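Me: Could you zoom in on one chain here and walk me through how it meets its neighbours and what its sheets look like? I'd like the cut-offs spelled out as you go.

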Amino acid sequence: MIRTQEYNLNFGPQHPSTHGVFRIVLTLDGERVVKAEPICGYLHRGVEKLAEARTYTQVIPYTDRLDYLAAMLQNWGYVMAVEKLMQVEVPERAEYMRVICGELSRLASHLIAIGTYSLDIGAFTGFLLAFRERETTMDLLEELTGSRMTLSYARIGGVADDAPEGWLDKVDKFMDQMPACIDEYDGLITGNEIFQARTMQIGVLKPETAINYSISGPSLRGSGVDYDLRKAKPYSVYDRFDFEVPLGTNGDCFDRFDCRMKEMRQIVRIVKQAIEQIREIDGPVRGKVPKVIKPPAGDAYAEIETSKGIIGYYVVSDGSPKPYRVHVRRPSFINLGYLDEMLRGYLVADVVAILGSLDIMLGEVDC
Amino acid sequence: MFGKGLVKGMQITFKEFWSPKATIQYPEHQNPIPDRYHGRFTLDVDKCIACGMCANACPNKVISLQKQKVGTKQYLTNYVMKIYYCLFCGLCVESCPKDALHFSKVINMNQYHFSDIPLVLVQREAPAVTAESEVAASKTSDKEGE
Amino acid sequence: MENLFVGIADGLRSSLGGLPPELGEAIVMLVKLVAILVFILVNALWLVYMERKVAGYMQARIGPNRVGPKGLLQTTCDIGKLICKEIIIHKDTDKVVFMLAPVLVFVPTLMVFAVIPFGKNMAAIDMNIGLLYLLAIASTSTIIFWMAGWASNNKYSLIGSMRSVAQMVSYELPMVLAILGVIMITGSLNMSDIIAAQEHTWFIFTQPIAFLIFFIASVSECNRAPFDLIEGESELVNGFNTEYGGMAFAMFYLAEYANMLVCCAMVTILFLGGWHAPFGLDFIPSWLWFFIKMYIVMFVIMQLRWTYPRIRVDQLMGFGWKVLVPLSLANIFVTGIGMYIYRAIGW
């Protein structure tokens, strides 16, 4: 009988595939994981505390920095909470602009998710091909908002600016090209047998467990739970679009990945419908909001579906121009809750596969 | 199954090998910068009334301005942006009531020394106020007051 | 053109006529080996450039294009930069072994090249047991990876080098068994004889399964994707050479390409007819044909790397032992029966 010994492997924070500065202390038996202890906080900036020293409008650029890959969705969640607090009516055109910009942000985020996931598995080309389309998305967002990643596009009671001339046509044209590109990724990554062998039946997340651990977003839907806030509790104008919520069956890494892939096709559908509908709506993109925003004392909670899951903003007002407290329910952080049990019994290479399939964003995990 | 996906992948990379490339050669060719681009700030000094709205709108307290009263008008003497704290969110530009602060398309703000980083948009002496003009100004203001 | 290199060797030999024949022969041999050495090193540099270009073109970008014409001097400059860099040896390493590994890493590759025939009569040493020699020497490279991984005293390096040993053991076997099919037909271990036997039909057509197994095993042997587990940059940072920097790292890096060169040369010799010209295109010299075939195989290997994800370690072992070994054994069996039938018919 050979006496074997377990050993610790410090996985991160300086590791190429923890998607940032995440750290997992792995206890390994050979290459098999016995225990995994996730440690986060290397990117903590104290956004919630910073928000208390800013006026309501000034918090918006800080929400960008949570999930900087889909900044619009973060802005949107925050302004929705403040609008709920202030009972502001958002003009219809602004809602459509939010949907278009938000879905483009989601597309950019999903492109990164699938690109980096293929990189985690070891295929480099999928990563750069996904970046090619992301670059086009970024260019479009840049034209709309002036920034590429940290958009700060949403404003309380509307959006910063209307679409520039011809921008909607450009988005429409891009959306026409997008399905062909998704087919390409499908051929290169999803259809690849090695990729399937690496991801199928790995990191299985049962639907009950997923619900118990409050996991949301494509990671939840990969397990087959049909819960997408855009369908379940339609906010904004999402009830006017015809789209499907892709679901997985097994809850393994492949299903979570495939959900994102299929969701991209739905994004194309939503954006195309939104462009069609926005053309008939004229009007302002800013609601009637006082110059100094002073919501009445009270609190409000608003949640939206971002690319990572359900982001919730809880804003408490004491009647002053600065929020008394802002709390963010960060989906990336909550999705990590089950990581330890999920990793147990798998190999070191699977650690990367499972972590990548959850699609965490460290800016959001550490807030 | 069984190698079909593998062959498909090879076909795609082979096709990509011959297809046109997405990159541009940066210093020689540059992407057109859109009009709304958040680049370096410019300040239209003639329009500026030194109200300080931009400084208040800034989430990071980047903008510091000094003004002097010349006659009845506020005269802007110093307008410095600590650009290393700037988030380029555009709230200052949006808050400007006179449309004096703008983004430009300048993206290159690198400096060799740290002391060169702060963006000095205005630095000037307030014009000397002659006694006559001061009197005249006070008169007009009196009239306005009445 | 055809006899360019052979002619040079003969000219050298005759100009050394005044010397005793043993000494003259020794000098000629030395020149041959130095020429091969230079060839390999230049090729390794060029292959790094080619890899980066191929990768770039497959990923919708251009790749290096700034240093020198079309970026051709990029890798030369990289090496210059790496030479200038300090080699960091951290305090817990086994210093002697740690530094010995990058020094030795080129040795097996260089030794192997002595027996490879680059064209008609163009092997530096035309050895009887060339193939055996090649297989024996080539597998020693594992020890060097193991040395590097163990001496680094780093868990990532250790896992990487452990994998390298396991991988070598499970892939050397199908590789040798696949070659056995070829050896059975030719009845010789001499590389020139093997190539000569392919004058009419390349072995890729008579031994397609052996070719496939050999190709997969040799991709695995030179640690290329999808079998680059010992580097596995997404999970093991950089595997066995995580702790290396500067020229020590560059040696491993260049050795990888030199190893690839060996593998491609082997595939060319054993299955693609070596220096034989296809379709009777004899006007192109034989050594050029050899290189053309070698670089086509190289391109395919590069394309594999930039297309496929990395296989997992247990799948790698499973694939090696459960698929490749039985297949190669079956191939030997089928080849044997085929040869017996051929002989019985009396062709």
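Reply: Between chain A and chain B there are 15 residue pairs in polar contact, both residues being at pLDDT 80 or more. A polar contact here is a pair of N or O atoms within 3.5 Å; within protein, one must be able to donate a hydrogen and the other to accept it, and residues adjacent in sequence count only if both atoms are side-chain atoms. Bear in mind that this is a predicted model, in which local features need pLDDT of at least 70 and side-chain atom pairs count only at pLDDT 80 or more, while totals for chains, interfaces and linings use all residues. As for bookkeeping, residues are numbered from 1 along each chain as its sequence is written, chains are lettered from A and ligands numbered from 1 in the order in which they are written, and side-chain values use heavy atoms, with hydrogens and water left out.

The same two chains share 4 salt bridges, meaning a side-chain nitrogen of Lys or Arg within 4 Å of a carboxyl oxygen of Asp or Glu. One of the pairs to click on is Glu16(B) with Arg132(A), whose closest N and O atoms are 3.2 Å apart. On the side of chain A that touches chain B, the elements giving two or more residues are helix H2 (60–64), helix H5 (124–145), helix H6 (167–190) and helix H7 (193–199) of chain A. H5(A) has the largest share, with 8 residues. Helices (H or I, at least four residues) and strands (E, at least two) are DSSP runs, numbered from the N terminus.

In contact terms (heavy atoms within 4.5 Å), 33 residues of chain A meet 29 residues of chain B. Together chain A and chain B bury about 2,300 Å², 52% of it on carbon and sulfur atoms. That buried area is the accessible area (1.4 Å probe) that two parts lose on being put together, summed over both. Gln58(A), Glu184(A) and Glu193(A) account for 22% of what chain A buries against chain B, more than any other three residues.

Now for the other neighbour. Here 23 residues of chain C touch 33 residues of chain A, and these two chains bury about 2,400 Å² between them, 60% of it on carbon and sulfur atoms. Ser234(C), Pro309(C) and Arg312(C) supply 25% of the area that chain C buries against chain A, more than any other three residues. Arg312(C) also makes a salt bridge with Asp350(A), at 3.1 Å between the closest N and O atoms. It belongs to an interface with 2 salt bridges and 9 residue pairs in polar contact, both at pLDDT 80 or more. The elements of chain C giving two or more residues to that side are H8, helix H13 (286–307) and helix H14 (313–345), and H8(C) gives the most, with 4 residues.

On to the sheets. Strands S1-S2-S3 of chain A, in that order, make an open sheet of 3 strands with antiparallel pairing; two strands pair if DSSP finds at least two bridges between them. Strand S1 (7–11) and strand S3 (32–39) of chain A are the edge strands, each pairing on one side only. Neighbouring strands are turned by 25 degrees against each other on average, direction ignored. Axes are lines fitted to C-alpha atoms, for helices over the stretch in contact, and angles run from 0 to 180 degrees between N-to-C directions. Strand S2 (residues 23–29) of chain A pairs with S3(A) in the antiparallel sense over 7 bridges, and Leu28(A) has Val33(A) in S3(A) as its bridge partner. Helix H14 (residues 348–358) of chain A packs on this sheet, touching S1, S2 and S3 of chain A, with its direction at about 145 degrees to that of S2(A). Chain C joins in too: its helix H8 (residues 155–186) packs on the sheet, touching S1 and S2 of chain A, at about 110 degrees to S1(A).

Chain A has another open sheet of 3 strands, ordered S6-S7-S8 and antiparallel. Strand S6 (298–305) and strand S8 (325–329) of chain A stand at its edges with a single partner strand each, so one side of each has no neighbour in the sheet. Here the turn between neighbouring strands averages 10 degrees, direction ignored. Strand S7 (residues 310–317) of chain A runs antiparallel to S8(A), joined by 5 bridges, and Tyr313(A) stands opposite Val328(A) in S8(A). Helix H3 (residues 71–86) of chain A lies across S6, S7 and S8 of chain A, at about 145 degrees to S6(A).
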